[in-house]
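Reader: Could you walk me through this one? I would like to start with how the terms are meant and then go to particular places.

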Amino acid sequence: MRYIFHELRTVFKDEGVLIFFILVPLVYPLLYSWIYNNETVRDVPVVVVDESHSTLSRTLARKMDASPDVSVIGYADNIDDAREAMAKQEAFGIIYIPSDFDHRLNRRQQATVSVYCDMSLLLAYKAIYITAMSVTSDMNADVQMKSKGEPFAEVSIFNPAQGYGTFILPAVLMLIIQQTLALGIGMITGTQRERNGQHRLWTPLSPSDTFLKVVLGKSVVYFMIYAVVSAYLTCVVPLLFSFVQIARPWDMVQLLVPFIIACIFFAMTVTSVVRCRENVILVVVFASVPLMFISGLSWPQPNISWWWQSVSWLFPSTFGIQGFVRLSEMGATAREIMPNIVALWVQALFYFITTCIIYGRTPNK
């Protein structure tokens, strides 16, 4: 108990630690969710290059213009003129309809429509691409029905609004838990080294104190704080912005408990090399984007090399993000994500052992 109260005083007396433990988890998700709360952009301007000049090509252009996400601002005679419109920022995409479009469709052959987008604006690219896919699929369904074939129906699952916020927010929330824990614990560790010597991670409060008491006391404090923070991030934030959240409470608890514990001991292990408070900020912030990619959310996991997949297994965020997405958006149960939960418990045990080894070998006198 002595080390629990001592660590609580350390946390609440350090403004830097409070920023990462309380302020960042409180404000950053609200800012991020507010920016992407609309989920999609509307009336993205595009230019049509119609070399077919047929009824079907004009129908395709009208349907795209009638969609809520895309607005056809004009027609160009060729690709070069359309590119000039994009260079002037008058349009963010080009719809190119080839000359054989009508001919191939009437002969029941595969026809193509090319889409060129400004990739500097992700939401604009998404709006143009998804609209083009929807319109062409709808026209394909009409062709199939005329041929007495089975109609094509498109149904969006898990992300009904096809919004960027619903897609990315679960990963951001889980990554915030891991990264802010690492930042706060790293600042505490750096302060300890700066005050008591570069080789000392802890100072005994009495002669009978051991490294195990220190590790358990610190971890209990961090767990109490982040039990509240995690509840706020995973329950309150999605509710405030009406993001998809269909996870069952008990299933969420079964995932978050090992995730928080794994993150705590992971942070205590990794930040043990910190020599000063500021260094941990550079390392943790730099690692945020790579961790997002190798988690398998923003980049398809089957396309990640085995080497990087192996690296991703070292971080609790990988299994936490995958499990949280399946619970909150796909309606999975704890039983269905049990491999992720087991992996987090294995990580928690592994990093607990490494933390004890590091703290046990640290000179305290």
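Author: Before we come to any helix, a word on the term: helices are DSSP runs of H or I with at least four residues, numbered from the N terminus. With that in mind, Asn 279 sits in helix α10, which covers residues 277-294. Please keep in mind throughout that this is a predicted model.

Reader: Okay, and what is the relative accessible area of Asn 279?

Author: The computed value for Asn 279 is 35%, and since partly exposed is the class between 20% and 50%, Asn 279 counts as partly exposed. Its C-alpha atom is separated by 9.6 Å from that of Leu 183, although the two residues are 96 positions apart along the chain.

Reader: Switching to the whole chain, how many helices and strands are there?

Author: The chain has 13 helices and four strands. Of its 365 residues, 47% are buried, and the accessible surface comes to about 18,900 Å², with 64% of that belonging to carbon and sulfur atoms. Among contacts with a separation of 6 or more, residues 24 or more positions apart account for 80%.

Reader: Back to the helices, then: at what angle do the axes of α1 and α2 cross?

Author: The axes of α1 (residues 2-13) and α2 (residues 15-35) cross at roughly 90° and come within 5 Å of each other. That angle is why α1 is described as roughly perpendicular to α2.

Reader: And which residues meet there?

Author: From α1 there are Val 11, Phe 12 and Lys 13, and these meet Glu 15, Val 17, Leu 18 and Phe 21 of α2. By class, the residues of this contact divide into five nonpolar and two charged, with no polar ones.

Reader: What about Ser 317, buried or exposed?

Author: Ser 317 counts as buried because its relative accessibility is 0%, and its place is in helix α12, residues 316-328. Leaving aside neighbours within four places in sequence, Ser 317 is in contact with Leu 175, Gln 178, Phe 259 and Leu 291. The C-alpha atoms of Ser 317 and Ile 294, which are 23 residues apart along the chain, are separated by 9.7 Å.

Reader: One last serine: where is Ser 137, and what lies 2.7 Å from its side chain?

Author: Ser 137 belongs to helix α6, residues 122-146, and a polar atom of its side chain lies 2.7 Å from the backbone oxygen of Met 133. With a relative accessible area of 14%, Ser 137 is buried.

Technical notes
Residues are numbered from 1 along each chain as its sequence is written. This is a predicted model: local features need pLDDT of at least 70, side-chain atom pairs count only at pLDDT 80 or more; totals for chains, interfaces and linings use all residues. Side-chain values use heavy atoms; hydrogens and water are left out. Axes are lines fitted to C-alpha atoms, for helices over the stretch in contact, and angles run from 0 to 180 degrees between N-to-C directions. Helices (H or I, at least four residues) and strands (E, at least two) are DSSP runs, numbered from the N terminus. Angles under 35 degrees count as roughly parallel, over 145 as roughly antiparallel, 65 to 115 as roughly perpendicular and the rest as oblique. Contact means heavy atoms within 4.5 Å. Ala, Val, Leu, Ile, Met, Phe, Trp, Tyr, Cys and Pro count as nonpolar, Asp, Glu, Lys and Arg as charged, and the others, Gly among them, as polar. Buried means under 20% relative accessible area, exposed over 50%, partly exposed in between (1.4 Å probe, protein chains only). Accessible areas come from the Shrake-Rupley method with a 1.4 Å probe; for residues, only the protein chains shown count as cover. A polar contact is a pair of N or O atoms within 3.5 Å; within protein, one must be able to donate a hydrogen and the other to accept it, and residues adjacent in sequence count only if both atoms are side-chain atoms.
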